[in-house]
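I opened a new entry for this structure. I wanted to begin with one serine and then work outward to the whole chain.

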Amino acid sequence: MKQLTKAEEDIMQILWSLEKANVKSIIKELPEPKPAYNTVSTIVRILENKGFVDYEKEGKGHIYFPVIAKNEYSNQSINKLVDGYFQGSFKNMVSFFMKKNDISLNELESVLKDINKSEEQ
């Protein structure tokens, strides 16, 4: 799966949230200053070419929808982060965040409980 640029990821976040949208609906969700219609349309077409979105014809326009699930992309991105910066070790990643972000023992215990719950299911 290809990586997304920041602009592409911003558009995908909106499409994941809305599930289906035309370009005007996507623009409404973007922060000020709003990008030009053609800019957003171009990014959506790039996402289509990358296989992240598809569309349905509606009148003279298109309604776009995600083809790749958010959690699928998130998993791939996290794995790439772990491989690229933490030698493929989730332990190294957690250790880094604990040291750099002052995670409390309570927060760490909460994360471990969540992991244990997900393993039990």
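Entry 1, a serine in a loop. I looked first at the side chain of S89, which has a polar atom 3.3 Å from the backbone nitrogen of K91. I then found that the side chain of S89 also reaches the backbone nitrogen of N92, at 3.0 Å. I noted where S89 sits: in the loop between helix 4 (70–85) and helix 5 (90–101). I wrote down that the model is a predicted one.

Entry 2, another residue of that loop. I looked up Q87, which lies in the loop between helix 4 and helix 5. Its phi is near 50°, a positive value in a residue other than glycine. I asked whether Q87 is buried or exposed. Q87 is exposed, because its relative accessible area is 64% and the cut-off for exposed is over 50%.

Entry 3, the end of helix 1 and the loop that follows. I found S17 in helix 1, which covers residues 6–18. S17 counts as exposed, at 59% relative accessibility. I checked S17 against K70: the two are 53 residues apart in sequence, and their C-alpha atoms are 9.4 Å apart in space. I moved on to E19, in the loop between helix 1 and helix 2. E19 is not a glycine, yet it has a positive phi of about 75°. E19 is exposed as well, with a relative accessible area of 57%.

Entry 4, a cis peptide bond. I looked at the bond from E32 to P33 and noted that it is cis, with omega near -10°. P33 belongs to the loop between helix 2 (23–29) and helix 3 (37–49).

Entry 5, the whole chain. I listed 6 helices and 2 strands in the protein chain. From the N terminus on, I read the order as α-α-α-β-β-α-α-α. The radius of gyration is 18 Å, well over the 14 Å from the globule rule for 121 residues, so the chain is more spread out than a compact globule. I noted a span of about 55 × 35 × 25 Å for the C-alpha trace along its principal axes. Of the 121 residues, 24% count as buried. I also looked at contacts between residues at least 6 apart in sequence, and 47% of these join residues at least 24 apart.

Entry 6, surface and charge. The protein chain exposes about 8800 Å², with 52% of it supplied by carbon and sulfur atoms. I recorded 17 positive and 18 negative side chains, and the centres of the two sets lie 6 Å apart.

Definitions and conventions: Residues numbered from 1 in each chain as written. Predicted model: local features only at pLDDT ≥ 70, side-chain atom pairs only at ≥ 80, totals over all residues. Heavy atoms only, no water. Helix = DSSP H or I, 4+ residues; strand = E, 2+ residues; numbered from the N terminus. Rg over C-alpha atoms; globule rule 2.2 N^0.38 Å. Buried < 20%, exposed > 50% of the residue type's maximum accessible area, 1.4 Å probe, protein only. Contact = heavy atoms within 4.5 Å. Areas by Shrake-Rupley, 256 points an atom, 1.4 Å probe, with all protein chains shown as cover. Lys, Arg positive; Asp, Glu negative; His and termini not counted. Charge placed at Lys NZ, Arg CZ, Asp CG, Glu CD. Polar contact = N/O pair within 3.5 Å; in protein donor to acceptor, adjacent residues only side chain to side chain.
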